[in-house]
Every structure is written in C-alpha cells, then in structure tokens.
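Here are some exercises to work through with the model open beside you. Try each one yourself before reading the solution.

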Amino acid sequence: MAAPLLLIDSYSQIYRGYYAIRGLSTAQGTPTNAVFAMTKLLLKFRDEYEGYDGAFVFDKGRPAQRMLLAPAYKANRPPMPEDLRCQLDAIREMIRAFGWNIVEWEGSEADDLIAAAAERFRDRKVLIVSSDKDISQVIDDRVEMLVPDHDSKGFHKRGIAETVAKFGVKPEGIVDYLALIGDSSDNIPGVEGVGPKTAAALLNQFGSIDGLIAHADEIRRESLREKIRSSTDVMLLNRKLILLDKTIPEGLALTEETFRRTAPDYAKIQELASKMELRSILRELEKSAPPPARFGICVR
C-alpha cells in the first residue's frame, strides 16, 4: 500500500513559529526564532510521522485568477517582517536537510496545490497541516487536517465529525459557509449581519447558497431576508474566491517522486544548527541522531 501523505502549508507554520518564539538570535544578532521553531517541527514530524511521504508547500507570487475577480483579495495583509524574511533561506535549507521536498509554483497558493495533490493521489490517506479554515473543504473519509492547538504545543485532527462540530456544516458546505460569513484573513467580506451560527443554520435549512437564493422568501426574519436578497453578488463572488482549485498548473509535476521523502541528512542539519547557534537543537540531535551523525557535535 502506498505511504500516506503529509502536506504542510509552509507559511502557516512558519508564521506560527515566528510569533510563538521571539527574541532568539545568534551572538551577532542574526534572528533565528523561526528557524528554531521550524526545526522543532521537523523533529516532531521525523519522530511521529516516519512512515509518511509528503512535502512542504509554499505560496508563490500573486494568484492571478483571484486577483482578477477581486483586486482587494488579501490586500489587508502586512508585508512579511524583515526579521522573518531573512530566515527563509535557512528554513528552506533545513526542510530539505530533513528529507522533505518543497512544492511551489508561480501564481499558485499553497492551499490550491495541497488540494490538487490530495485529489491527485486518491489512493492515499492524506494529512494536511494547516490552520486555514478554507482547507477544511477538502476533508473527507480519506483526507484529514492537523490543526495547531491554541497553546502551540501540538496538533489536533480535524476530520468530518470535527468539521461539523466546529462549523456546524459538513466539509462540502465549508465553501458556502465561508462565502456567507467572509474570511477576514483573506480580506473577503461576508454578508452583513451573518455570523457563524446564522450561516450554519441557513445552510442546514436550505442546503447551499443556491438553495438559499432560490428560497430567500422562506427566511422568517425580515431583516435577514433582505440582507440575503441584496447580497447575491457578494455570496457568489466569495464562493469563487474560496473554492480551492484542484487543477494541477501546467508545467508542474505532482508525481510520486515529488512527494518522496528521504532520510534526514544529519551532517547538514548539524551544520545549519551550528551556524544558527541552535544549541538545544544540537543537544537533541546528540540524543536522537543515528550514531555516525553524532560525531563532531560540539555543544557548549
């Protein structure tokens, strides 16, 4: 049986680590907090998901189709902090040193590429590491998410039942659910006055946005009925923005080899950890790396 896939929304985890750990740097003042956090995550994946293939998936460039539909898409996001940007090369080196491939494509968002990979390998179990609500739309009996805990100490699984418990709708209803309430992280405004509970109730009653539009007259509360009637264009546009594109971009190969995971290069990991003065990482490697890889480690 083919190995299951672990697909990581890279920037989601990079930002999570960057904000969870602050004030870490080398003696020369080079920031290392995000590199440290990512290395800890990579060690966790090494220990807990040894039998998985997969990849770290990155956003790259601007998503042309969504920008064409809504020029303000993600316009609310501030630029990447410079003390994080300067750590990206080292993070990417560390990811590769642990035996993971990096998947990215100009003009593609990580969520779309992850959805495309999950669709491409329908014979495999898939775990998606992300905190993005919109990726919940791809969950089914084969695809689950690993969502960071609020205390940043680990992950909890989100399958079909957990999706219903959290949002009040099944995974196939997530696109319409978010189209109703909006997604502030992507600068997608929802229908005024429609929050999570109202959205879930409407979708459970009418089945979908299409059903809601067709039967708006049946909405009992007049103020809500009028808001839905006047927001048809907003809901339909939002649905296009939120629906993930499972089409593999022309020119991008998503093959078994793309997601083949290899053994960690401990010599490279130790070199990077030493350069970034990650002493606790070096101590952990001293305990957990295979014996030949421990030679030459000097931890002060």
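**Exercise 1.** In which loop is Asn 187 found? Work out its exposure and its backbone phi as well.

Solution. Keep in mind that this is a predicted model.
- Start with the place: Asn 187 sits in the loop between strand S7 (182–183) and strand S8 (188–189).
- Next, exposure. The relative accessibility of Asn 187 is 30%, so it counts as partly exposed, with buried meaning under 20% and exposed over 50%.
- Now the backbone: phi of Asn 187 is near 60°, a positive value in a residue other than glycine.
- For context, most residues other than glycine have a negative phi.

**Exercise 2.** Find the loop that holds Lys 74, then look at Tyr 73 and list what Tyr 73 touches.

Solution.
- Lys 74 lies in the loop between H3 and H4, and phi of Lys 74 is also positive, near 60°.
- Tyr 73 has its place in the loop between H3 and helix H4 (82–85).
- Is Tyr 73 buried or exposed? Its relative accessible area is 6%, so Tyr 73 is buried.
- Leave aside neighbours within four places in sequence, and the contacts of Tyr 73 are Pro 63, Arg 66, Met 67, Glu 109, Asp 186, Ile 188 and Leu 241.
- One more long-range check: Tyr 73 and Ser 185 are 112 residues apart in sequence, yet their C-alpha atoms are 9.6 Å apart in space.

**Exercise 3.** Lay out the open sheet: give its strand order, its edges and its twist.

Solution.
- Read across the six strands and you get S3-S2-S1-S4-S5-S6, with mixed pairing.
- The edge strands are strand S3 (101–103) and S6, each of which pairs on one side only.
- From one strand to the next, the twist averages 25°.
- A helix also packs on this sheet: H6 touches strand S1 (5–9), S2, S3, strand S4 (126–129) and S5. The direction of H6 makes about 170° with that of S1.

**Exercise 4.** Zoom in on S2. How many bridges join S2 to S3, and why is S2 largely enclosed?

Solution.
- On the S3 side, strand S2 (residues 53–57) is joined by three bridges, and the two strands run parallel.
- Pick out the partners: Ala 55 bridges to Asn 101 in S3, and Phe 56 bridges to Ile 102 in S3.
- On the S1 side, S1 and S2 pair in the parallel sense over five bridges, and Leu 6 stands opposite Gly 54 in S2.
- Recall that in a regular strand the side chains alternate between the two faces of the sheet.
- Now sort S2 by face: Asp 53, Ala 55 and Val 57 are on one side, Gly 54 and Phe 56 on the other, and all are buried.
- That settles it: five of the five residues of S2 are buried, so S2 is largely enclosed by the rest of the structure.

**Exercise 5.** Where is Ser 136 found, and which residues does Ser 136 touch?

Solution.
- Ser 136 is in the loop between S4 and S5.
- With 0% relative accessibility, Ser 136 counts as buried.
- Not counting residues up to four places away in sequence, Ser 136 touches Met 145, Arg 158, Phe 167, Pro 171 and Ile 174.
- Then take a C-alpha distance: Ser 136 and Ile 160 are 8.9 Å apart in space and 24 residues apart in sequence.

**Exercise 6.** Describe the largest pocket, then the second largest pocket, by volume and lining.

Solution.
- The largest pocket holds about 1400 Å³ of space.
- Its lining has 48 residues, and Tyr 11, Tyr 15, Asp 59, Lys 74 and Arg 77 lie nearest the centre of the largest pocket.
- Among the elements giving two or more residues to that lining are helix H1 (10–20), helix H3 (64–69) and helix H12 (232–242). H1 gives the largest share, five residues.
- By class, that lining has 20 nonpolar, seven polar and 21 charged residues.
- The second largest pocket holds about 350 Å³, and 18 residues line it, with Gln 65, Arg 66, Gly 107, Asp 112 and Asp 245 nearest its centre.
- H3, H6 and H12 each supply at least two residues of the second lining, and the largest share, four residues, comes from H3.
- Sorted by class, the lining of the second largest pocket has eight nonpolar, four polar and six charged residues.

Definitions and conventions
Residues are numbered from 1 along each chain as its sequence is written. This is a predicted model: local features need pLDDT of at least 70, side-chain atom pairs count only at pLDDT 80 or more; totals for chains, interfaces and linings use all residues. Side-chain values use heavy atoms; hydrogens and water are left out. On a 1 Å grid over the protein atoms alone, a cavity is a set of points where a 1.4 Å probe fits but cannot get out, and a pocket is an open set with protein on both sides within 12 Å along at least five of seven lines; lining residues have an atom within 4 Å of a point. Grid points are joined across faces, edges and corners, and a volume is the space filled by probe spheres set on the points. Ala, Val, Leu, Ile, Met, Phe, Trp, Tyr, Cys and Pro count as nonpolar, Asp, Glu, Lys and Arg as charged, and the others, Gly among them, as polar. Two strands pair if DSSP finds at least two bridges between them. Axes are lines fitted to C-alpha atoms, for helices over the stretch in contact, and angles run from 0 to 180 degrees between N-to-C directions. Contact means heavy atoms within 4.5 Å. Buried means under 20% relative accessible area, exposed over 50%, partly exposed in between (1.4 Å probe, protein chains only).
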